[in-house]
Amino acid sequence: MNSQGIEMAGVSVVFDTPERKVTAVTGIDQTVPHSSFVSIVGPSGCGKSTLLAVVSGLQKATTGSVSVAGKPVTGPDPKIGVVFQEDSTLPWRTVEENVAFAMEMIGTPKATRKQRARDTIELVGLGGFEKSYPSMLSGGMRQRVALARTLAVQPEVVLMDEPFAALDQQTRLFLGAEVRQIWARTKQTIMFVTHDISEAILLSQQVWVMSYRPGTIIDVVDIDLPAERDAGVVSTPRFNELHNRIWGSLQAESMRGFKQQETGEPPAERQDEVAAT
């Protein structure tokens, strides 16, 4: 493996609850090569966000290990940037001050902070809004601020946990296309979690499909669309073929998850484990 990418070996996460042990993810053995863009799709509750949390160092794996740039992940690291679903802008800070915040936390010199903040604000298409406050921005613009704040730290890896989930479909498509353009320029390694198959195909070089809990990777789909692409690619025959392939892998798992959530029963794969607790 290229030492600058992400390597997951035998990763499992088990949570203790008052009723039983819950296996969130199990047996993850995957590699994200340096400078690649990988998206993860799966049913609600399958462990996508848990896996991202393990890679970020915010959640410890029960078994297995994760390495980033050839070094074991043992906790949060400035080299691993995270963009969350929730609006994380600070309302009392301007756009420029919000973008500079993470750099302040890691002790980046003031002059460097200012220059990097301006550069990343331009990169995400917010030039001219440096002195604006979050209350003056749309939801999509606030997510661009969050992305700029992450990129300004210059991480080797960027983890994105459904960053556009609260936005309308049209805005998601256009912001997604911009994220792909930014990635093409920065060449950072990106893991992107989404429920939206179209979004995953539009953005990624590869899409991983996760099973319902306990989540594991059940399909890996290489996205062989043109490298230079925008939202217009969603109307092409090949895009539809890829969408059908991914949905075909995901459909049965989504139904299984829906039924188990409706009945409140633990997944069948955990019955022996539950009986033993």
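Right after helix α4 comes Gln154, and its phi is positive, near 60 degrees. Keep in mind that this is a predicted model. I will start with the helix that leads up to Gln154, then go to the aromatic rings, then to the empty spaces.

Helix α4 covers residues 139–152, which makes 14 residues. Why does its length agree with what we should get for a helix? At 1.5 Å a residue the span should be 20 Å, and the end C-alpha atoms are 20 Å apart, so the two values agree.

Next, how many residues of α4 are buried? The count is 11 of 14, so to speak of the helix as mostly covered is fair, given that buried means under 20% relative accessible area. Among the buried ones are Gly140, Met141, Gln143, Val145 and Ala146. The list also includes Arg149 and Thr150, and it runs on to Leu151 and Ala152. What covers them? The cover includes two strands, β6 (80–83) and β7 (157–161), along with the helices α2 (95–105), α3 (110–123) and α5 (169–186).

Now the rings. A pair of aromatic rings is described by the distance of the centres and the angle of the planes. In this model the count comes to 3 aromatic pairs. Take Phe37 and Trp183: their ring centres are 5.7 Å apart and their planes stand at 90 degrees, so this pair is edge-to-face. The pair links distant parts of the chain, with Phe37 in strand β3 (residues 37–41) and Trp183 in helix α5, 146 residues apart. Are these two buried or exposed? Phe37 is buried, at a relative accessible area of 0%, and Trp183 counts as buried at 4%.

Phe37 also pairs with Phe192. Here the centres are 6.1 Å apart and the planes are at 40 degrees, so the pair is tilted. Phe192 belongs to strand β8 (residues 189–193), and 155 residues separate it from Phe37 in strand β3. Phe192 counts as buried too, with 0% relative accessibility. Put together, ring pairs link Phe37, Phe164, Trp183 and Phe192 into a cluster. Trp183 has one further partner: the charged end of Lys187 sits over its ring, 4.7 Å from the centre.

Last, the empty spaces. Rolling a probe the size of a water molecule over the atoms shows where empty space is left. The largest pocket has a volume of about 430 Å³. It is lined by 18 residues, and the closest to its centre are Ile80, Gly81, Val82, Ala102 and Thr150. Which elements give two or more residues to this lining? They are β6, α2 and α4. The largest share, 4 residues, comes from β6.

There are also cavities, 2 of them at 30 Å³ or more. The largest cavity has a volume of about 50 Å³. Its lining includes Gly140, Gln143, Arg144 and Leu147, as well as Leu175, Glu178, Val179 and Ile182. Phe164, a member of the ring cluster, is also one of the lining residues. The elements that give two or more residues here are α4 and α5.

So much for the tour. Helix α4 came up in both linings, that of the largest pocket and that of the largest cavity.

Note on methods:
Residues numbered from 1 in each chain as written. Predicted model: local features only at pLDDT ≥ 70, side-chain atom pairs only at ≥ 80, totals over all residues. Heavy atoms only, no water. Expected span 1.5 Å × (residues − 1). Buried < 20%, exposed > 50% of the residue type's maximum accessible area, 1.4 Å probe, protein only. Contact = heavy atoms within 4.5 Å. Phe/Tyr/Trp six-rings, centres within 6.5 Å; stacked < 30°, edge-to-face > 60°. Lys NZ or Arg CZ within 6 Å of the ring centre and 35° of its normal. 1 Å grid on protein atoms, 1.4 Å probe; cavity = no way out; pocket = protein on both sides within 12 Å on 5 of 7 lines; lining within 4 Å. Points joined across faces, edges and corners; volume = space filled by probe spheres on them.
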